Amino acid sequence: MMPKLLFILCILLGLWSCEATQDPVYPPHLSDCYRLHELTEKKDPARPGEWLYNKPGDMHQSLKAYIASGPYRTDSLHKKLYLVKIGAFDADAQAIFELTVNYLADYFQIDTDTIPALDAGLIPHAFKRIHQGVPQLKSIYILDSLLPHYKPADAFALIAFTSTDLYPEDDWNFVFGQAKLRNGLGVWSLARLGKEGRDNPSNQTLLRALKIAGHETGHMFSMPHCVNNVCNMNGSNSLAENDRQPEWLCWECLAKLCYNRNISPQKHLEALRAFHEKAGSDAAIIRYYKTALQRL
Ligand SMILES: [Zn+2]
Ligand SMILES: [Zn+2]
């Protein structure tokens, strides 16, 4: 059997429908996002091997269609985003985890918190394996049978991080991460994000982790893949494709986020500008946020 490779499983994306009509008049904080359309690049046609080449069924969803879809969002009882570690973390992975907690708070303008780390021993032997010499945990078990027991009562979502490689099904080689969108549960691995290994995470490793966190958490806020624009919500079929995509959102996906969180784009953009300056991120990322803020 041909081994299967998957970058990110995005369950339930088949729910999204194409919406061709143009947007009506939106509240000012959403209209402001359109001012960023000149900073948004159109996506080139997909090349062989890329996500959209393999997934031509991913359709554009307008802001209007997003609003009409009734996206998953916080309510008065479920308003925090929790993160939890599974298994051992070295100092570098710990640093990435802590930065991700802050990053997601800034990105989604949501209260984030952590719960005590879960021991990998909580996962039964039947849901672990050594594959091609690499220890792996079965992501489906983590999502279906482990995390639901630990999701706090006031959680909008619970996201698990692990340094151990993941696999979703026995006939898959690995998966970078997996999420259950309407249940607000997700698990992602840092195991394959650095060429140097986790002992020496470069800025590239951190950037990959942040991009995946923003992208996958975006799905938890019911944002589908972005197919028209160059955007952090673009699907990725490989680490190389993910590396070619930006850390930031296009104007339309940012408007969806601002609708969902009922925030101005300034809140998101200013928080991420400050985050990346403090983190010493790539100059191009910091420049994007500064330019975007000037356009509003
Ligand atoms: Zn995705
Ligand atoms: Zn987008």
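How are helices α4 and α6 set relative to each other: parallel, antiparallel, perpendicular or oblique? Let's work towards that one step at a time.

First, some ground rules. This is a predicted model, where local features need pLDDT of at least 70 and side-chain atom pairs count only at pLDDT 80 or more, while totals for chains, interfaces and linings use all residues. Residues are numbered from 1 along each chain as its sequence is written, and chains are lettered from A and ligands numbered from 1 in the order in which they are written.

**The chain as a whole**

The chain has 10 helices and 9 strands; these are DSSP runs numbered from the N terminus (helices are H or I, at least four residues; strands are E, at least two). Of its 296 residues, 42% count as buried. Buried here is a matter of counting: 20 or more other C-beta atoms within 10 Å of a residue's own, with 12 or fewer meaning exposed and anything in between partly exposed, and the C-beta atoms placed from the backbone. Contacts are counted in a similar spirit: two residues touch if their C-beta atoms, placed from the backbone, lie within 7 Å. Among contacts between residues at least 6 apart in sequence, 74% join residues at least 24 apart.

**Helix α6 and its partner**

Helix α6 covers residues 203-220, and 14 of its 18 residues are buried, so the rest of the structure largely encloses this helix. Just after α6, Ser222 takes a positive phi of about 70 degrees.

Now for the opening question. Helix α4 (residues 91-108) packs against α6 at an angle of about 45 degrees, with the axes 10 Å apart. Axes are lines fitted to C-alpha atoms, for helices over the stretch in contact, and angles run from 0 to 180 degrees between N-to-C directions. The two helices are therefore oblique to each other, because angles under 35 degrees count as roughly parallel, over 145 as roughly antiparallel, 65 to 115 as roughly perpendicular and the rest as oblique. On the α4 side, the residues that meet α6 include Ile96, Leu99 and Tyr103, and those they meet in α6 include Leu206, Ala209 and Ala213.

**A second helix pair**

Helix α9 (residues 265-279) and helix α10 (residues 283-295) cross at roughly 150 degrees, and their axes come within 9 Å. That makes α9 roughly antiparallel to α10. Among the residues making this contact are Leu269 and Leu272 of α9, along with Ile286 and Tyr289 of α10.

**Inside: Leu254 and Leu63**

In the largest nonpolar core, which has 72 residues, Ile142, Cys253 and Leu254 touch the most other members. A nonpolar core is a set of buried Ala, Val, Leu, Ile, Met, Phe, Trp, Tyr and Cys residues joined through C-beta atoms within 7 Å. Leaving out residues up to four places away in sequence, Leu254 touches Cys33, Leu36, Leu249, Pro265 and His268. Leu63 belongs to helix α3 (residues 63-68) and is buried, with 23 C-beta neighbours inside 10 Å. Leu63 and Leu254 are 191 residues apart in sequence, yet 9.6 Å apart in space, C-alpha to C-alpha.

**Two loop residues**

Gln132 is not a glycine but has a positive phi, and so does Asn262. Here is where they sit, and how many neighbours they have.

| Residue | Phi | Loop between | C-beta neighbours inside 10 Å |
|---|---|---|---|
| Gln132 | near 50 degrees | β4 (128-131) and β5 (134-138) | 9, exposed |
| Asn262 | about 55 degrees | α8 (251-261) and α9 | 11, exposed |
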